[in-house]
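Trainee: I should like to go through this structure with you, element by element. May we begin with the coordinates on display?

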Amino acid sequence: MIDLRSDTVTKPSQAMRKAMAEAEVGDDVFKEDPTVNKLEEYIADLLGKEAALYVPSGVMGNQLCLNILTEPGDEVICDREAHIFNYESGSPARLSGIQLYPIDGKLGILTAEQVEPYIRTTAYHMPRTKVIEVENTHNRAGGTIWPMENIIALKNLAKKHKLYFHLDGARIWNACIETGISPKEYASHFDTISCCFSKGLGAPIGSAIASSKEFIKEAYRVRKAWGGGMRQVGILAAASLYAVQHNRERLKEDHRRAKILAERIKLNTNLEINMEAVQTNILLFKPLKKTPADGMKLCREKGLLLTPGTIESLRAVTHLDVNDDDIMKAGDIIDEVFK
Ligand SMILES: Cc1ncc(COP(=O)(O)O)c(C=O)c1O
């Protein structure tokens, strides 16, 4: 099987397993796990923030940030295709008593002009806008990268209206490798950032958030309240540390392979693909003569795993456990199924 469902399907390499096996550990609830402490310091430094906190998942990272930035009844503005809106099981409402205000972006990207009219400033009977959220790269839009000018304009807008600015940077590493912009530079514009080690970087688990010392202290309390206090978890943090230290540069390979597959899909007249959206490791393509569900099933029968993308499209994601050969075979299977 060639598995292009997600960049989360990778298995830890031998070197990563060795780092895990040899990790020094302690009780992280007492802040005594040296490997977790090392990872948190490394991430805080990499993102240029005062502090970081290791968390089990990207969802927990985003939701912790939204929780500490808001009060119940507040509102968070995001793109309509945002992960926090579509794929986090209604957690803003469940966990923080807040609501989201989704706005239609272009390829997942919003402009300040578009967002400003939706910031609620006046009446007491309205929810209070508290946060603007950005997802970079943008999963459901097909791995698209936020232009820096949009980020800066939205940051200035947030400042003007005394709002917080959160980055879902699950795949910020992909944006950095593709643009040459450093993690620190992206992060400098945001109050809180979440990032993942278990996507393109290949760790089996793990995310982190980064922010001011004050916010991270509060997030540490909330993580515990949500059952996320972990003990000798350095054994897992070692995989995250290995991933972020060794697997960022090679994301270029995933982007190159995604472009190769996209070029093949473009040649198939029974498929539609927006090449403008092919920027990193995620591809969305629309079957014109089959339903996405039928297409996915036929691909699976021939040895290729895909997932639904948006309502009309299929999604393929490149990652460190697929090579050039796999991409060629995936292209052949797609051509055969959609001929
Ligand atoms: C953009 C984005 N944010 C957050 C997450 C959540 O990560 P996790 O699955 O680790 O909870 C994902 C997962 O795919 C994602 O794509």
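The discussion that follows takes the sheets, the helices and the cores in turn.

Mentor: This is a predicted model, in which local features need pLDDT of at least 70 and side-chain atom pairs count only at pLDDT 80 or more, while totals for chains, interfaces and linings use all residues. Residues are numbered from 1 along each chain as its sequence is written, and side-chain values use heavy atoms, with hydrogens and water left out.

Trainee: In what order do the strands of the seven-stranded open sheet stand?

Mentor: Helices (H or I, at least four residues) and strands (E, at least two) are DSSP runs, numbered from the N terminus, and two strands pair if DSSP finds at least two bridges between them. The pairing in this open sheet is mixed. β2 and β4 (99–103) each have a single partner strand, so one side of each is left without a neighbour in the sheet. The order is β2-β8-β7-β6-β5-β3-β4.

Trainee: Is strand β2 largely enclosed or left open by the rest of the structure?

Mentor: Buried means under 20% relative accessible area, exposed over 50%, and partly exposed in between (1.4 Å probe, protein chains only). In a regular strand the side chains alternate between the two faces of the sheet. Here A51, L53 and V55 point one way and A52 and Y54 the other, all of them buried. Since five of the five residues of β2 (residues 51–55) are buried, the strand is largely enclosed.

Trainee: Which residue of β8 is the bridge partner of Y54?

Mentor: β2 and β8 (residues 207–211) run antiparallel and are joined by five bridges. Within β8, the partner of Y54 is A208.

Trainee: At what angle do α3 and α10 pack?

Mentor: Axes are lines fitted to C-alpha atoms, for helices over the stretch in contact, and angles run from 0 to 180 degrees between N-to-C directions. The axes of α3 (residues 58–69) and α10 (residues 213–225) are 9 Å apart. Contact, meaning heavy atoms within 4.5 Å, is made by residues including L64 and I68 of α3 and A219 and V222 of α10. The packing angle is about 115°.

Trainee: Which helix gives the most to the largest nonpolar core?

Mentor: A nonpolar core is a set of buried Ala, Val, Leu, Ile, Met, Phe, Trp, Tyr and Cys residues joined through side-chain atoms within 4.5 Å. The largest has 54 residues, and I43, V115, L154, W173, Y186 and F197 touch the most other members. With six residues, the helix that gives the most to this core is α11 (residues 234–246).

Trainee: How many residues does the other core hold?

Mentor: That core lies apart from the largest one, and its members include A262, L283, I327 and I333. Its count is 23 residues.

Trainee: Which strands are the edge strands of the four-stranded open sheet?

Mentor: The strands are ordered β9-β10-β13-β12, with antiparallel pairing. Between β10 and β13 there are four bridges, and I282 stands opposite V317 in β13. Pairing on one side only, the edge strands are β9 (271–273) and β12 (307–308).

Trainee: Within what arc do the buried residues of α13 fall?

Mentor: In α13 (residues 292–301), the buried residues are P292, G295 and C299. Seen down the axis, they line one face of the helix, because they fall within an arc, taken from the directions from the helix axis to the C-beta atoms, of 60°.

Trainee: Which exposed residues does the opposite face of α13 carry, turned away from its buried side?

Mentor: The buried residues are covered by elements including β10 (282–287) and α14 (324–337). The face turned away from them carries A293, K297 and E301.
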